[in-house]
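Welcome! Here are some exercises, each with a worked solution to follow at your own pace.

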Amino acid sequence: MSLPVKRIQAGQVQVSVLENQSKEGKKFFSFTFQKRYTTEEGKWESTNTLMLNDLPKASLALQKAYEFAVLKDPKTGEKEQSVKEEEE
């Protein structure tokens, strides 16, 4: 699997955008998400199970990942960087 080209975090929910390449050389994106939390012992863990109050955060992070993958600035043809996100 590829390394993330972008990570978007909303609260404890994080979406990673991965850039891949097909056998024919065409680039495409895939996406993963996880929720980070600490155990009672203070150890960091991750899960892909969300609680009700995580859904708006997951929705926002996924929307921003979608925007990163498909929106381009009409003047430059480059992808827009209009939201605060972590670049890899």
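**Exercise 1.** Does Pro56 count as buried or exposed, and why?

*Solution.* Start with the cut-offs: buried means under 20% relative accessible area, exposed over 50%, and partly exposed in between (1.4 Å probe, protein chains only). Pro56 counts as exposed because its relative accessibility is 55%. Next, place the residue: Pro56 lies in helix α1. Its C-alpha is 9.0 Å from that of Ala10, a residue 46 positions away in sequence.

Before going on, please note that this is a predicted model, in which local features need pLDDT of at least 70, side-chain atom pairs count only at pLDDT 80 or more, and totals for chains, interfaces and linings use all residues. Residues are numbered from 1 along each chain as its sequence is written, and side-chain values use heavy atoms, with hydrogens and water left out.

**Exercise 2.** Find the order of helices and strands along the sequence.

*Solution.* Take helices (H or I, at least four residues) and strands (E, at least two) as DSSP runs, numbered from the N terminus. The protein has one helix and five strands, and they follow the pattern β-β-β-β-α-β.

**Exercise 3.** Compare the span of α1 with its expected value, then locate its buried residues.

*Solution.* The expected span is 1.5 Å times one less than the number of residues. For the 16 residues of α1 this should give 22 Å, and the end C-alpha atoms are 22 Å apart, which agrees. The buried residues of α1 are Ala58, Ala61, Ala65, Phe68 and Ala69. They cover an arc of only 95 degrees around the axis (from directions to the C-beta atoms), so they sit on the same side of α1. These buried residues pack against β1 (4-10), β2 (13-21) and β3 (27-38), where a contact means heavy atoms within 4.5 Å.

**Exercise 4.** Which side chain meets Lys35 in a salt bridge, and where do the two partners lie?

*Solution.* Side chains of opposite charge can pair when their charged atoms come close. The rule asks for a side-chain nitrogen of Lys or Arg within 4 Å of a carboxyl oxygen of Asp or Glu. The partner of Lys35 is Asp54, at 2.7 Å from N to O. This pair links distant parts of the chain, with Lys35 in strand β3 and Asp54 in the loop between β4 (44-47) and α1, 19 residues apart. Lys35 counts as buried because its relative accessibility is 11%, and Asp54 counts as buried at 3%.
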